[in-house]
Amino acid sequence: MRVLCACEESQAVTSELRRLGHEAYSCDLLPCSGGHPEWHIQADALEVCKMAWDMVLAFPPCTNLASSGAAWFEQKRRDGRQQMGIGFFLAFTALDHVPKIAIENPVGIMSTLYRKPDQIIQPWMFGHPEQKATCLWLKGLPPLEETDNVREQMLALPKNQRERLHYLPPSPQRGMLRSKTYPGVARAMAEQWGALAERGQ
């Protein structure tokens, strides 16, 4: 399949799709940190989405949408940042020419403003003993099946380890670190959704 991973500078999912033989590209306004600039399109993701793709996996910025930042919502509405975030997210829902779409975001306002997600996943469903509820809005794609449930192992850990990303100290890199896709989740996306091409779906 020809796949665009939009707003993915880490190339986590792109690399997994490439490993399986798909023509996958990451796209972001930032240069990639995944080590494969030859697979990276540094441009406006919405412009790149206008090209022909079999599947778009979108990871739009959540800074102005996630419930974890609710304390700043009023200010973000006043200065327009939240409206811009909403518009950017919704643009991925309007890609009528793309048959398969997944939009990923943390729990936040889009569940109300757009619609409830098709699925909410956790890292512990894919081999990572951590908590971080992540919503998936799907078009033409089935929900992900868990691959390695380590919930019991996760529950035995201290809270600051279970919620490692929540406890990251403030830094310029904090947002980027919190937004990276877990390797187990990236692998599941590539293997399960990429396999649809083999089945002619």
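Helices, counted as runs of at least four residues, and strands, counted as runs of at least two, are DSSP runs that are numbered from the N terminus. In these terms threonine 147 belongs to a loop, namely the one that connects strand E7, covering residues 134-139, with helix H6, covering residues 151-155. The model in which this loop is seen is a predicted one, and the values reported below were computed from it.

Taken as a whole, the protein chain contains 9 helices and 7 strands. The chain has 201 residues, of which 46% count as buried, and its accessible surface comes to about 10200 Å², with 55% of that area belonging to carbon and sulfur atoms. Among the contacts in the chain with a separation of 6 or more, 59% are accounted for by residues that stand 24 or more positions apart.

Within the loop between E7 and H6, threonine 147 counts as partly exposed, because its relative accessible area of 48% falls between the limits of 20% and 50%. When residues up to four places away in sequence are not counted, threonine 147 touches Met125, Phe126, Ala188 and Gln192. The C-alpha atom of threonine 147 is also separated by 7.2 Å from that of glycine 127, although these two residues are 20 residues apart along the chain.

A second loop, between strand E1 (2-6) and helix H1 (12-19), holds glutamine 11, and cysteine 7 has its place in the loop between E1 and H1 as well. Most residues other than glycine have a negative phi. Cysteine 7, however, has a positive phi of about 65° although it is not a glycine, and for glutamine 11, likewise not a glycine, the phi is positive at about 65°. Glutamine 11 is buried, since its relative accessibility of 0% is under 20%; cysteine 7 also counts as buried, because its relative accessibility of 16% is under that cut-off too. Leaving aside neighbours within four places in sequence, glutamine 11 is in contact with Ser26, Cys32, Gly34, Gly35, His36, Trp39 and His40.

Charged side chains form a further group of features, and the count of salt bridges comes to 9. In one of these, lysine 50 is paired with glutamate 47, with the closest N and O atoms 3.0 Å apart. Of these two partners, lysine 50 counts as exposed, because its relative accessibility of 59% is over 50%, whereas glutamate 47 is partly exposed, with a relative accessible area of 45%. Another salt bridge joins the side chains of aspartate 79 and arginine 81, at 2.9 Å from N to O. Here aspartate 79 is partly exposed, with a relative accessible area of 42%, and arginine 81 is partly exposed, with a value of 34%.

Arginine 151 and glutamate 152 likewise form a salt bridge, in which the closest N and O atoms are 3.8 Å apart, a distance that satisfies the rule because it lies within the cut-off of 4 Å. Arginine 151 is partly exposed, with a relative accessible area of 36%, while glutamate 152, at 60% relative accessibility, counts as exposed. Finally, salt bridges also link Glu16, Arg19, Arg187 and Glu191 in a network.

Methods:
Residues are numbered from 1 along each chain as its sequence is written. This is a predicted model: local features need pLDDT of at least 70, side-chain atom pairs count only at pLDDT 80 or more; totals for chains, interfaces and linings use all residues. Side-chain values use heavy atoms; hydrogens and water are left out. Buried means under 20% relative accessible area, exposed over 50%, partly exposed in between (1.4 Å probe, protein chains only). Contact means heavy atoms within 4.5 Å. Accessible areas come from the Shrake-Rupley method with a 1.4 Å probe; for residues, only the protein chains shown count as cover.
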